[in-house]
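Visitor: I have a structure to look through today. Can you take my questions one at a time?

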Amino acid sequence: MSPPARRPGLTRSAVVATAVALADEDGIPAVSMRAIAGRLGVEAMSLYHHVPNKDALLDAMVDLVFGEFHAPAGSGPWRDELRRRSVTARQALLRHRWAVGLMDSRRTPGPETLRHHEAVLACLRRAGFSLAATGHAVALLDAQLYGFMLQELALPFTGEAELAAIGAEVLDAETATAFPYFTEFAREHAMRPGWSFGAEFDVTLDLALDAVAGLAAHDRPEGSGSVASPRPDPVPVLAPVLGVDGCRAGWVGALLVPGAPRPRVVVAPTVGELVEAVRAEVELAVVGIDIPIGLPDGGLRAADALARAALRGRASSVFPTLTRAAYAEPTRAAADAVNRGLSGQGVGAQAFALRAKILEVDAWVRSRPTVEVLEVHPEVSFVEMNGGPLPAGKRTEAGRTARLDALSAAGLARPSVLQGSGYAPDDVLDACAVAWTVARHVAGLSRSLPEPPEVFSDGIPAAIHV
């Protein structure tokens, strides 16, 4: 008996894509040759010309998902590349929830699977990791990725309301007495407004990458590489520049002018008024702002991922930038629903609290002000000027002193004032750090994360300058 003829237009990729769509909708049990054939409008037997059996189909489905992971480039910084790999992998696994337990279980891996593993190994080996250290790093990063995803996808709640309902059922007086630490953690941390289990992914990923960086420091020969970098030379101020940070009063700016002894502090209720007030006095060259510029349509910005990678141990200071559609929503609940649909990420209270300032800056930038505008993250700037992370938080006395010392070493004297009505010392110091990066940009000494910047549908280059 002759095998059935192939249906014109039927391809292996169409068969696999249909199987993935069925699994995305209803899980692996929904995937059968009969179901795929019904979806494609063909006879089930015609599928066997393209995939010989169910195991081969699962191999191809897993291979398709691996193809959605970022393949690290051996020429890029290993930490940046591996971080992006894990972030994009999580996004793919949130789209294909059935795939988590299958990703490394196939006996006959496909070309995308092998290509991905080759890229990960090449990234580490070209960075100087030994074979043993490469094995340790891959095991740790895969454990963080797949372990987190198994737990995240198994959680019996999808938002704060469901978590609160479960908590009300579980955390009775008897439980509180018998398990006080469990109760404390649930009530005082996990059940507080704004907490999201998904937000722990970036934090735990950075902890894993910190561990890999520590492994690299011990794995390499003495002098072949280190975590800290030398401090850059003091920055020359070649033209008037303004660094801007948000504050309770609106916006605080640090103005650097050639020949001036110290940064001058200016304050205004809106960013537009701040810039115009400065431009009334000097011919302003560039403005830097500590706020996201260039809002994504879906997914995460590379700029945020690279900034977190630069902030070893302080990655939580970089709040994820929401999608443009999420910022258009007036409430966090509505923004959360929109953002989850577009990027797979929930919306924390701190990230949403920046909404008004982000929309203000976005509207101002899109009005095409006749001045160059850069996005700068002050913590990343402080790491750059200090040659490594600062030892204390910016709101502590030790942190304030360390930041003043870093600014002084970078060529910036103590600002004219440190605090006033509606702005605090950390606001002023952040504005100074932004101004330092802008001065570097004018002098041709800065770089952007990423390089080149991403551009979304708004047409605005999205990158953090350092």
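Visitor: Where does R301 lie?
Guide: This is a predicted model. Look past strand β4, residues 286–289, and before helix α12, residues 302–310. R301 sits in the loop between β4 and α12.

Visitor: Is R301 buried or exposed?
Guide: Its relative accessibility is 1%. Buried means under 20%. R301 therefore counts as buried.

Visitor: Which side chains make polar contacts with the side chain of R301?
Guide: Start with the contact of 2.8 Å, which goes to the side chain of D304. Another, of 3.3 Å, goes to the side chain of T321. The names are D304 and T321.

Visitor: Which residues is R301 in contact with, leaving aside its neighbours within four places in sequence?
Guide: Take the list in sequence order. It includes P292, I293, G294 and P296. T321, E375 and E454 are also on it. The list ends with F456, A462 and I464.

Visitor: How are α1 and α2 oriented to each other?
Guide: α1 covers residues 12–26 and α2 covers residues 33–40. Their axes come within 10 Å and cross at roughly 110 degrees. Angles of 65 to 115 degrees count as roughly perpendicular. So α1 and α2 are roughly perpendicular.

Visitor: Which residues of α2 meet α1, and how many residues of the contact are nonpolar?
Guide: From α1 come A14, V15, T18, A19, A21, L22 and E25. From α2 come A35, I36, R39 and L40. By class, the contact has two charged residues, one polar and eight nonpolar.

Visitor: What about α1 and α3: how are they oriented?
Guide: α3 covers residues 54–66. The axes of α1 and α3 are 9 Å apart, at an angle of about 80 degrees. That angle falls in the range of 65 to 115 degrees. The two helices are therefore roughly perpendicular.

Visitor: How many charged residues are in the contact of α1 with α3?
Guide: R12, V15, V16, A19, V20 and A23 of α1 meet L57, A60, M61 and L64 of α3. Nine of the residues in this contact are nonpolar and none is polar. The number of charged residues is one.

Visitor: What kind of aromatic pair do F148 and F197 form?
Guide: The structure holds four aromatic pairs, and this is one of them. The ring centres lie 4.6 Å apart, with 15 degrees between the planes. Planes under 30 degrees apart count as stacked. The pair is stacked.

Visitor: How many residues apart are F148 and F197?
Guide: F148 is in helix α6, residues 131–154. F197 is in the loop between α9 and α10. The pair links distant parts of the chain, 49 residues apart.

Visitor: Are these two rings' residues, F148 and F197, buried or exposed?
Guide: F148 has 8% relative accessibility, so it counts as buried. F197 has 15%, so F197 also counts as buried.

Visitor: Which residues form a cluster with F148?
Guide: Rings can group together. Here one aromatic cluster holds F148 and two others. They are F197 and F201.

Visitor: Which peptide bonds ending at P450 and P452 are cis?
Guide: Both prolines lie in strand β6. Omega is about 0 degrees for one bond and near 0 degrees for the other. The bonds are L449 to P450 and E451 to P452.

Visitor: Is R368 buried or exposed?
Guide: R368 is in the loop between α16 and β5. Its phi is positive, near 60 degrees. With 72% relative accessibility, R368 counts as exposed.

Technical notes:
Residues numbered from 1 in each chain as written. Predicted model: local features only at pLDDT ≥ 70, side-chain atom pairs only at ≥ 80, totals over all residues. Heavy atoms only, no water. Axes fitted to C-alpha atoms, helices over the stretch in contact; angles between N-to-C directions. Helix = DSSP H or I, 4+ residues; strand = E, 2+ residues; numbered from the N terminus. Parallel < 35°, antiparallel > 145°, perpendicular 65-115°, else oblique. Contact = heavy atoms within 4.5 Å. Nonpolar A, V, L, I, M, F, W, Y, C, P; charged D, E, K, R; others polar. Buried < 20%, exposed > 50% of the residue type's maximum accessible area, 1.4 Å probe, protein only. Polar contact = N/O pair within 3.5 Å; in protein donor to acceptor, adjacent residues only side chain to side chain. Phe/Tyr/Trp six-rings, centres within 6.5 Å; stacked < 30°, edge-to-face > 60°.
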